[in-house]
Amino acid sequence: MNKGGKRNNFIMQAGILAAAGMISRIIGLLYRSPLHRVIGDLGMGYYQAAFAYYNIILLISSYSIPAALSKVIAQKLAVREYRNANRMFRCALCYVLVVGGAASLLLFFGAGWFVAGEAVPVLRTFAPTIFVYGMLGVLRGYFQAHKSMVQTSISQILEQIANAVVSIGAASLLIHGAMGSLEMPADLDSQVLRATKGAIGSAMGTGAGVLVALLFMLAVFALNRRLIGRRIQKDHHGEDSYGEIFRTIILVVTPFILSTAVYNLSGTVNNTVYTKLLPEIRKLDTVDIYTRWGVFSGQALTISNIPIAFASAMAAAILPSVAQMVASDNLKEARRKTAVAVKTTMILSIPCAVGLLALARPVTGLLFKNTPEAEDLATHLLMALSLSVVFYALSTLNSSILQGIGKVNRPIIHAGIALAVQTVVAVLLLFFTDLDLYAIVIANTLYAGIMCLLNQMAVHKALAYRQEVVKTFLVPTIAAGFMGAFAWAVYEGLLLLTSSPRISVVIAICLAVCVYFGMLLLLRGVSEEELRGFPKGYLLVKVAKKCGMMK
């Protein structure tokens with residue numbers, strides 16, 4: 001049994017990273033509620049509009065560094081070339097200092113090209129964060145290449161805590177300094193000024209979080225310098241030239257950048273179409289447009305992104321593993337790990353999607369304080385987005401697998417096809433129907449679905465493997481269906497008894513998790529060996545056996 005645990009060690013590492021990702025996103029959601037009360041829907045709208053362009057510039061310049069670097073360094077570590085791995089790490093730092101610095105300057109001085117009006121100073125506030133994030137990404141990628149996710153996990157949590165504290169604090173201070181109080185003014189001009197200052201403060205929090213995470217990773221690296229030095233001294237392999245290393249980094253990083261950028265360009269395109277083109281062509285009030293966009297992007301989309309944290313963690317964990325398997329010409333093990341990763345991702349993402357569908361209103365109410373109109377909008381948008389959770393989870397994982405096995409251009413092509421289709425659909429639905437934000441939801445789900453299908457077909461062809469269907473997709477769906485019905489019934493029943501939506505939804509979620517995994521075990525959807533591969537898997541197996549759900 002221990003062998004199974006070791007063979008599935010990348011799932012353990014993914015679990016560690018996913019737990020940190022979930023904690024980080026929960027912290028992010030918890031601070032969104034007080035932040036929302038401080039800056040309002042309009043402030044969230046300005047923040048999200050600027051964040052969309054900051055995010056795409058970050059993706060192009062620095063965000064792909066951890067994944068790309070973990071792949072190339074993992075390949076060197078697979079053949080014990082520790083000296084070349086260290087040289088590659090240093091070259092990557094030089095790379096991000098140049099590229100990140102250029103991207104920061106572009107974002108600061110070119111903010112007016114990307115956004116308009118009150119979102120411009122918000123976008124400029126984001127600019128220095130890109131430069132800092134590049135160095136953070138290199139350090140995270142270096143440790144991920146060693147199949148150690150703990151450092152990245154802790155840094156993510158610290159980043160989000162600092163982000164939360166500074167965002168709320170800076171937003172409150174800037175609003176109070178500009179307005180004299182935190183009260184919402186009556187006139188529109190003052191509301192706009194208040195929202196702008198609040199959005200700038202929130203952007204400052206993003207930068208502070210990245211800086212804190214960087215300082216932590218630098219401290220961890222300093223503690224490991226002696227161990228790294230001893231490995232390098234024992235390494236007698238020949239040294240790659242710096243020119244060759246830079247060429248390798250550029251050849252590997254560029255496809256990662258393009259893939260990640262195009263993959264995430266969907267949100268930026270939708271933001272542009274809805275907040276810039278729609279009000280201009282239909283002569284709509286921009287304040288109302290940004291307010292509604294704040295509800296969609298700041299609430300519904302933010303909540304729906306939480307379950308995807310595990311898929312992102314699994315993708316980060318499996319990439320160096322698959323890269324090492326391919327480098328060692330061990331395609332059989334690469335196929336096995338791919339199958340296990342896909343199944344694990346589906347076991348966790350499918351119930352999350354069903355849970356969001358069943359408990360959309362209480363979950364939204366738990367996290368945000370809304371007007372009745374905004375709560376209705378956020379609830380229905382979240383319900384509509386629930387299916388995209390599964391599609392995004394699988395497409396994210398398979399993009400990473402394709403990159404790990406050397407098919408780095410396939411995710412770029414697939415993302416381009418999906419982006420073209422979703423953009424046409426979004427424009428047609430927005431301008432020729434009254435679907436409004438639901439047009440964006442449909443386009444978003446369509447994009448994820450196309451990516452999911454094309455990536456899965458490409459992985460199947462590249463590795464000559466076929467994913468098991470019943471226990472990977474069908475059993476989790478049946479178990480999640482029972483769970484969703486149970487969760488909804490428990491919530492409604494407790495609501496009648498307690499009249500407290502918050503207490504009711506928390507209890508309903510906890511019981512729903514137990515029901516889902518109970519059903520999963522009863523339907524034989526997961527084996528003992530697979531369960532042991534999870535974090536604290538031995539404890540889960542022990543509980544399952546005591547409850548008679550596993551022999």
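**Exercise 1. A partly nonpolar surface**

Isoleucine 161 lies in helix H7, where helices (H or I, at least four residues) and strands (E, at least two) are DSSP runs numbered from the N terminus. The model is predicted, so that local features need pLDDT of at least 70 and side-chain atom pairs count only at pLDDT 80 or more, while totals for chains, interfaces and linings use all residues. Residues are numbered from 1 along each chain as its sequence is written, and side-chain values use heavy atoms, with hydrogens and water left out.

Task: Determine how isoleucine 161 is classed by relative accessibility, and state which residues form a nonpolar patch on the surface.

Solution. Step one is the class of the residue: isoleucine 161 counts as partly exposed because its relative accessibility is 40%, given that buried means under 20% relative accessible area, exposed means over 50%, and partly exposed lies in between (1.4 Å probe, protein chains only). Step two is the patch, which is formed by Val150, Ile154, Leu158, Ile161, Val165 and Val212, together offering about 440 Å² of accessible area. Patches are built from residues with over 30% relative accessible area and no salt bridge, like charges being joined within 9 Å and nonpolar side chains (Val, Leu, Ile, Met, Phe, Trp, Tyr) within 5 Å. Accessible areas come from the Shrake-Rupley method with a 1.4 Å probe, and for residues only the protein chains shown count as cover. Step three is the main contributor: helix H7 (residues 150–179) gives the most to the nonpolar patch, with 5 residues.

**Exercise 2. The nonpolar cores**

Task: Identify which residues touch the most other members of the largest nonpolar core, and then list what phenylalanine 296 touches.

Solution. A nonpolar core is a set of buried Ala, Val, Leu, Ile, Met, Phe, Trp, Tyr and Cys residues joined through side-chain atoms within 4.5 Å. The largest such core has 80 residues, and of these Tyr274, Phe296 and Leu430 touch the most other members. Helix H15 (residues 372–404) gives the most to this core, with 14 residues. A second, separate core holds 65 residues, including Tyr54, Leu58, Tyr95 and Leu139. For the last step, with residues up to four places away in sequence not counted, phenylalanine 296 touches Leu301, Leu381, Leu385, Leu437, Ile440 and Val441, contact meaning heavy atoms within 4.5 Å.

**Exercise 3. Charged pairs**

Task: Count the salt bridges, and work out which parts of the chain are tied together by aspartate 436 and arginine 292.

Solution. A salt bridge is a side-chain nitrogen of Lys or Arg within 4 Å of a carboxyl oxygen of Asp or Glu, and by this rule the count comes to 4. One of them pairs aspartate 436 with arginine 292, whose closest N and O atoms are 2.6 Å apart. Aspartate 436 lies in the loop between helix H16 (410–432) and helix H17 (437–463), and arginine 292 lies in helix H11 (residues 286–304), so this pair ties together parts that are 144 residues apart in sequence. Aspartate 436 counts as partly exposed at 22% relative accessibility, and arginine 292 is likewise partly exposed, with a relative accessible area of 25%.

**Exercise 4. A shared arginine**

Task: Establish which residues are joined into one network by salt bridges that share partners.

Solution. First, the side chains of arginine 361 and glutamate 375 meet in a salt bridge at 3.6 Å, N to O. Arginine 361 belongs to helix H14 (residues 360–367) and glutamate 375 to helix H15, so the pair ties together parts that are 14 residues apart in sequence. Next, the side chains of arginine 361 and aspartate 376 also meet in a salt bridge, here at 2.9 Å, N to O. This second pair links arginine 361 in helix H14 with aspartate 376 in helix H15, 15 residues apart. Salt bridges that share partners therefore join Arg361, Glu375 and Asp376 into one network. As a check on exposure, arginine 361 counts as partly exposed at 34% relative accessibility, and glutamate 375 counts as partly exposed at 23%.

**Exercise 5. A threonine in a helix**

Task: Decide whether threonine 345 is buried or exposed, and find which backbone oxygen lies 2.8 Å from a polar atom of its side chain.

Solution. Threonine 345 is placed in helix H13 (residues 331–358), and it counts as buried because its relative accessibility is 2%. The backbone oxygen in question belongs to alanine 341, and it lies 2.8 Å from a polar atom of the side chain of threonine 345.

Note on methods
A polar contact is a pair of N or O atoms within 3.5 Å; within protein, one must be able to donate a hydrogen and the other to accept it, and residues adjacent in sequence count only if both atoms are side-chain atoms.
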